[in-house]
Amino acid sequence: MKIIDGKACAQQIKDKISKEVEMIKAIGFRVPKLAIILVGDRPDSLSYVRSKEKTCKSLGMDCDTYLLPSDTLEKELLDLIDRLNNDRSVDAILIQLPLPDHFDSARILDFIDYRKDADGLHLMNVGLLHLGEPYVMPCTPNGIMSLLETNGIEVAGKHAVVIGRSQLVGEPTAQLLIRQNATVTLCHSHTRNLPEITRIADIVITAAGHPGLLKPEDFKEGAVLIDVAINRTDNGLVGDVYSPTTLPALEKRLSAATPVPGGVGPMTIAMLMHNVLDMYKMKLNK
Ligand code: NAD
């Protein structure tokens, strides 16, 4: 079984971005800038934000982070977004999710100028993706497709099973697979007899957030597993399927799999950085 190295793949993407930013600097243009907004004090969210900020700066791009208290009013958040929407030096805006409960996340995300929507979650960008004309690609699904392509895993004509139908991962991933001519089955928490479905899949992409969701024998011989889930357990981070315990049996069963950690995770940040640079370039072209 081939272990699909997300870290190495992400590094290649980041190296390319860093070179492009160096060229932008060399010709005397301003560098791309990402604005990140975090509302509240969830330690996991803060660590994700810090990691995005660090990566952005390490690639030579600017990053402004806005840390707002959890009792921030909707109007205060919308005023900040409005300011960033109208700030010509800001190319991309990211709101770290989840927002505290008193916010209507969809309403907040839709307030971002869709041309600055770093995560591709604005209603307009979701619609454009479904029409097959994306303005910006959602980071995790784009990272998954890039991993498949870089590792020579053909998608066209294959039966791909996606587990999870969130707006962040499952739904857009299914959409991208359809566009690449896969035959897609989208499973979710109401799906009956999940292993019967995965056993006839060429590619299984799992994003449910349930360790032990499937066993190695629930896969067809030679299938590909993309394990998106990040589950914190007493034995460290594991996927929905991938873990140090299941690895020996998976190795006998599958042709390729993404590890957890080190698979899809690093690709998500790399694709975010790619979006920031892309949005900057689209603005310049205009
Ligand atoms: P979510 O909770 O919004 O969605 C989970 C989906 O899984 C739902 O559609 C639900 O119907 C489905 N589901 C739950 N239990 C199921 C079951 N037993 N059988 C079949 N389907 C089931 O979560 P999300 O934001 O889509 O994230 C999913 C997982 O992916 C989480 O573990 C999250 O940490 C991880 N994630 C990883 C990355 C990354 O970069 N690697 C990015 C985003 C999310």
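This passage describes the surroundings of the ligand and the pairing of strand β7 in a predicted model. Residues are numbered from 1 along each chain as its sequence is written, and side-chain values use heavy atoms, with hydrogens and water left out. In this predicted model, local features need pLDDT of at least 70 and side-chain atom pairs count only at pLDDT 80 or more, whereas totals for chains, interfaces and linings use all residues.

The ligand is surrounded by 20 residues, a residue being included if one of its heavy atoms lies within 4 Å of the ligand, and the closest are Arg165, Ser166, His188, Ser189 and Thr268. By class, the shell holds 10 nonpolar residues, nine polar and one charged, where Ala, Val, Leu, Ile, Met, Phe, Trp, Tyr, Cys and Pro count as nonpolar, Asp, Glu, Lys and Arg as charged, and the others, Gly among them, as polar. Helix α10 (residues 264-285) supplies the largest share of this shell, namely three residues. A polar backbone atom of Arg165 lies 2.8 Å from an oxygen atom of the ligand, and one of Ser189 is 3.0 Å from an oxygen atom of the ligand, while a backbone N or O atom of Val228 is 3.2 Å from a ligand nitrogen atom. Of the 860 Å² of accessible area that the ligand has on its own, the protein covers 71% (Shrake-Rupley method, 1.4 Å probe).

Strand β7 (residues 203-206) is joined by four bridges to β5 (residues 159-163), in parallel, and by four bridges to β8 (residues 224-227), also in parallel. Ile205 of β7 is the bridge partner of Val162, and Thr206 stands opposite Asp227 in β8.

Methods
Polar contact = N/O pair within 3.5 Å; in protein donor to acceptor, adjacent residues only side chain to side chain. Helix = DSSP H or I, 4+ residues; strand = E, 2+ residues; numbered from the N terminus. Pairing = 2+ DSSP bridges.
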